Each structure stands twice: as structure tokens, then as C-alpha cells.
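Let's take a walk through this fold together, starting with how the strands pair and ending with a few side chains that reward a closer look.

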Amino acid sequence: MSDGQRDVSYSAPHSIEYAYRRSVGHVLGRFFTGLRDRQIFGTRTADGRVLVPPAEYDPDTGAAVDEFVEVGPGGVVTSWTWIEHPLATHPLDRPFAFALVQLDGANTGLLHVVDTGDAAAMRTGLRVEPRWREQTRGEIQDIVCFEPEASS
């Protein structure tokens with residue numbers, strides 16, 4: 001700085017928070033209530049497609065969607081990527097896959113975690129089923145992960 005001025009900085013402690021609860025509405029509310037009860041729900045569009053996670057509006061037509069359909073709980077891996085070295089922020093502390101799982105009765109994939117134990121066991125087309133959290137609370141983490149079905 002010139003003319004004898006000093007470089008001065010000021011700071012003040014602060015925190016950013018959102019001190020409110022967001023309503024998820026009747027569609028996602030039903031989805032999360034189902035998870036609490038160890039059920040998975042989607043919504044059926046006018047042309048018969050079942051969307052999971054459920055949507056309030058058909059993404060193709062914009063029409064309201066209000067018919068709920070129970071799906072799964074098993075399904076098929078349609079796409080995946082292997083995480084060999086999980087970070088502390090990942091949902092599992094060992095190698096796993098992030099995958100799209102098309103649940104039985106659904107036409108769309110649910111993005112979630114698949115725990116096969118090692119990459120060699122992971123594949124597109126793998127039949128999986130949810131591993132539920134011991135105490136469910138009505139949130140997506142009620143499904144700890146998907147794992148190969150016992151008969152796979």
C-alpha cells in the first residue's frame with residue numbers, strides 16, 4: 001500500500017444454517033414412509049410407466065402422476081461404477097459400486113450403493129435386493145445398500 005496505509009483485514013465469526021424443515025410433499029412423503037416400513041413405492045404414469053423414485057409429474061408430458069405402485073424389493077443393476085478407495089464421506093467404508101438399480105416393476109433406475117464384496121462380483125444384470133437398516137426412519141439411508149440376491 002502507498003502513502004503509509006496499512007493492509008487491514010477484519011473477520012467475524014458466523015455460520016450459515018437453514019433452521020427450517022422442508023416438506024417433501026405427498027409423493028416423496030409416501031416414498032419415505034414406505035422406506036420406513038421397508039417398502040419401495042413408485043408412481044405410474046398415464047402410459048403405464050412406473051417411476052422410481054416417484055415423481056409428481058410425468059417427465060415426458062408434464063401430466064400429474066398420482067397412482068402409487070409398490071415395486072421390488074429386488075431388481076437388476078443396469079449401470080455401475082466401482083469405488084475401490086472410498087472416502088470418509090462415502091456411504092460404505094469398503095470398496096463398493098454406485099449403481100442404477102431397476103427394481104422389479106419399475107421402468108427407471110434408482111441410484112444407490114451395491115455391496116458385492118469385490119469388483120469381480122459386480123456386473124450389469126446382477127440381481128440385487130436391499131439390505132435394510134436395523135431401525136428405519138423414513139429416509140433413503142434406510143436402504144443401507146443393495147447386495148446380490150441369495151439365489152444369484
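Start with a pair of residues facing each other across two strands: Thr43 has Phe68 in β3 as its bridge partner. Keep in mind as you read on that the model is predicted.

**Strands and sheets**

The strands β1 and β3 run antiparallel and are joined by 5 bridges. They belong to an open sheet of 3 strands, ordered β2-β1-β3, with antiparallel pairing. At its edges lie β2 (50-51) and β3, each of which pairs on one side only.

Further along the chain, β7 (residues 127-132) has two antiparallel neighbours to look at. With β4 (residues 75-83), β7 shares 2 bridges, and here Val76 is the residue opposite Arg127 of β7. With β8 (residues 143-148), β7 shares 5 bridges. In that pairing, Arg131 faces Cys145 of β8.

**The helix α1**

How far does α1 reach from its first C-alpha to its last? The span is 16 Å for 12 residues, close to the 16 Å expected at 1.5 Å a residue. Its buried residues are Val27, Gly29, Phe31, Gly34 and Leu35. Among the elements that cover these buried residues are β1 (40-44), β3, β7 and β8. After the helix comes Arg38, which has a positive phi near 60°.

**The nonpolar cores**

In soluble globular proteins, nonpolar side chains tend to be buried together. Here the largest nonpolar core holds 22 residues, and the members touching the most others are Ile40, Val52, Val71, Leu103, Val114, Met122 and Phe146. At least two core residues come from each of α1 (25-36), β3 (67-71), β4, β5 (96-103), β6 (110-114), β7 and β8. The largest share belongs to β5, with 4 residues.

Ile40 is a good residue to select in your viewer. Leaving aside residues up to four places away in sequence, Ile40 touches Phe31, Leu35, Val52, Val69, Glu70, Val71, Pro73, Leu103, Trp132 and Ile143. There is also a second, separate core of 5 residues, which includes Ile83, Leu92, Val113 and Cys145.

**Salt bridges**

How many salt bridges does a search of the whole structure find? The count is 14. Three of them involve Arg133 or Glu139, and they are set out here with the separation of the closest N and O atoms.

| Salt bridge | N to O distance |
|---|---|
| Arg133 and Glu139 | 2.8 Å |
| Arg133 and Asp142 | 2.6 Å |
| Arg137 and Glu139 | 3.3 Å |

The residues in the table vary in how much of their surface is accessible. Is Arg133 buried or exposed? Arg133 counts as buried, because its relative accessible area is 17% and the cut-off for buried is under 20%. Asp142, at 0% relative accessibility, is buried as well. Glu139 is partly exposed, with a relative accessible area of 27%. Arg137 is exposed, since its relative accessibility is 55% and exposed means over 50%.

Elsewhere, salt bridges with shared partners link Asp93, Arg94, Asp115, Arg131 and Glu147 into one network. Arg131 is the residue already seen opposite Cys145 in β8.

**Two more residues to inspect**

His112 sits in strand β6. Why does His112 count as buried? Its relative accessible area is 9%, and anything under 20% is classed as buried. Not counting residues up to four places away in sequence, His112 is in contact with Ala97, Phe98, Ala99, Ile140, Ile143, Val144, Cys145 and Phe146. One of these, Ile143, is also among the residues that Ile40 touches. Another, Cys145, appears in the second core.

Asp118 belongs to the loop between β6 and β7. With a relative accessibility of 39%, Asp118 is partly exposed. What does the side chain of Asp118 reach at 2.9 Å? The partner is the backbone nitrogen of Ala120. Asp118 can also be placed relative to Phe96: the two are 22 residues apart along the chain, and their C-alpha atoms are separated by 7.2 Å.

Notes
Residues are numbered from 1 along each chain as its sequence is written. This is a predicted model: local features need pLDDT of at least 70, side-chain atom pairs count only at pLDDT 80 or more; totals for chains, interfaces and linings use all residues. Side-chain values use heavy atoms; hydrogens and water are left out. Two strands pair if DSSP finds at least two bridges between them. A nonpolar core is a set of buried Ala, Val, Leu, Ile, Met, Phe, Trp, Tyr and Cys residues joined through side-chain atoms within 4.5 Å. Buried means under 20% relative accessible area, exposed over 50%, partly exposed in between (1.4 Å probe, protein chains only). Contact means heavy atoms within 4.5 Å. A salt bridge is a side-chain nitrogen of Lys or Arg within 4 Å of a carboxyl oxygen of Asp or Glu. A polar contact is a pair of N or O atoms within 3.5 Å; within protein, one must be able to donate a hydrogen and the other to accept it, and residues adjacent in sequence count only if both atoms are side-chain atoms. The expected span of a helix is 1.5 Å times one less than its number of residues.
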